[in-house]
Amino acid sequence: MTKVLVVDDEPQIVRALRINLSARGYQVITAHDGAAALRAAAEGKPDVVVLDLGLPDIDGTDVIAGLRGWTTVPIIVLSARTDSGDKVEALDVGADDYVTKPFGMDELLARLRAAVRRSTVAGPGEEEAVVETGSFTVDLAAKKVLKEGAEVHLTPTEWGVLEVLVRNKGRLVAQKQLLQEVWGPAYAAETHYLRVYLAQLRRKLEPQPSHPRHLLTEPGMGYRFETA
């Protein structure tokens, strides 16, 4: 059974979608704001997300960005915003399709079927939203790190390095790959950047920075993230 996460703060739309989707054999879970949507996606592992942009707590584009931090689940935006700039922004941050309110149920269902079909052909690409180690927890959706119950402040670059390593946990990430993903192609030879930022991350996250357990160096090759 295909599981659909419906995210909208308008109860009548949520109710209409729940009735129509359930009648067609879909399993429906719902959320009424962005924070609840991110939690529901992490816990419920939906096959497709139908998302309103105008949410009461955080903008729908931020929800898309949070989801794209860890999953390739198809996202169909359902919004009253008709400006092409809003559509472009939503698609650029990772949405797969855009349906404007008011919408026809048949059109939405057709787009839903197409999105699920495409994702099935492409194969699963889902990762964990929250990755726990014995020392700290990385929340890829919320883009934050918790250590001993408190949030650890990371600079955007520190987060970029950590995110790439966590998303490739257990695998060697070559120096060149890490530099290109965080700083860009022009910085592929700047290996001293990595030494500086890995040292900073270890000081902030490792119990014993001089003997790291999670942020490991493979001399001359790259870096590896381990949870154990």
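**Figure 1. Pairing of Val 173 with strand β12 in the predicted model.** Val 173 stands opposite Tyr 223, a residue of β12. The model shown here, as in every view below, is predicted. Strand β10, residues 173-174, and strand β12, residues 222-225, are paired in the antiparallel sense, and two bridges connect them. On the β11 side, Leu 215 has Phe 225 of β12 as its bridge partner. Strand β11 covers residues 215-218 and runs antiparallel to β12, to which four bridges join it.

**Figure 2. The open sheet of β10, β12 and β11.** The three strands form an open sheet in the order β10-β12-β11, and the pairing is antiparallel. Because β10 and β11 stand at the edges and each has a single partner strand, one side of each lacks a neighbour in the sheet. A hairpin is formed by β11 and β12, with three residues between them. In the turn of this hairpin, Gly 220 adopts a positive phi of about 80°. A salt bridge links the side chains of Glu 218 and Arg 224, with an N to O distance of 3.1 Å. Glu 218 falls within the residue range of β11, 215-218, and Arg 224 falls within that of β12, 222-225.

**Figure 3. The salt bridge between Asp 8 and Lys 101.** The side chains of Asp 8 and Lys 101 form a salt bridge with an N to O distance of 2.9 Å. Asp 8 belongs to the loop between β1 (3-7) and α1, and Lys 101 to the loop between β5 (97-100) and α5 (105-122), so the contact ties together parts that are 93 residues apart in sequence. Asp 8 and Lys 101 are both buried. Through salt bridges that share partners, Asp 8, Glu 10, Asp 52 and Lys 101 are joined into one network. Lys 101 is also joined to Pro 102 by a cis peptide bond, for which omega is about -10°. Pro 102 lies in the loop between β5 and α5.

**Figure 4. The salt bridge between Arg 68 and Asp 96.** Arg 68 and Asp 96 form a salt bridge in which the closest N and O atoms are 2.9 Å apart. Since Arg 68 lies in helix α3 (residues 60-68) and Asp 96 in the loop between α4 (84-93) and β5, the pair ties together parts that are 28 residues apart in sequence. Asp 96 counts as partly exposed because its relative accessibility is 37%. The count of salt bridges in the model comes to nine.

**Figure 5. A positive surface patch around Arg 24.** Arg 24, Arg 113, Arg 117 and Arg 118 form a positive surface patch. Arg 24 is placed in the loop between α1 (11-23) and β2 (27-31). With a relative accessibility of 44%, Arg 24 counts as partly exposed. Arg 113, Arg 117 and Arg 118 fall within the residue range of α5, 105-122.

**Figure 6. Ala 114 of helix α5 and Pro 74.** Ala 114 lies in helix α5. Its relative accessibility is 15%, so Ala 114 counts as buried. Ala 114 and Pro 74 are 40 residues apart along the chain, and their C-alpha atoms are separated by 9.8 Å.

**Figure 7. Positive phi values at Lys 143 and Glu 148.** Lys 143, a residue other than glycine, has a positive phi near 60°. Its place is in the loop between β7 (137-139) and β8 (144-147). At a relative accessibility of 40%, Lys 143 counts as partly exposed. Glu 148 likewise has a positive phi, near 55°, and is a residue other than glycine. Glu 148 lies in the loop between β8 and β9 (150-152). Glu 148 counts as exposed because its relative accessibility is 77%, the cut-off for this class being over 50%.

**Figure 8. The chain that contains these sites.** The chain has eight helices and 12 strands. Its C-alpha trace spans about 60 × 35 × 30 Å along the principal axes. The chain has 228 residues, of which 43% count as buried.

Note on methods. Residues numbered from 1 in each chain as written. Predicted model: local features only at pLDDT ≥ 70, side-chain atom pairs only at ≥ 80, totals over all residues. Heavy atoms only, no water. Patch = residues over 30% accessible without salt bridge, like charges linked within 9 Å, V, L, I, M, F, W, Y side chains within 5 Å. Areas by Shrake-Rupley, 256 points an atom, 1.4 Å probe, with all protein chains shown as cover. Salt bridge = Lys/Arg side-chain N within 4 Å of Asp/Glu carboxyl O. Lys, Arg positive; Asp, Glu negative; His and termini not counted. Charge placed at Lys NZ, Arg CZ, Asp CG, Glu CD. Buried < 20%, exposed > 50% of the residue type's maximum accessible area, 1.4 Å probe, protein only. Pairing = 2+ DSSP bridges.
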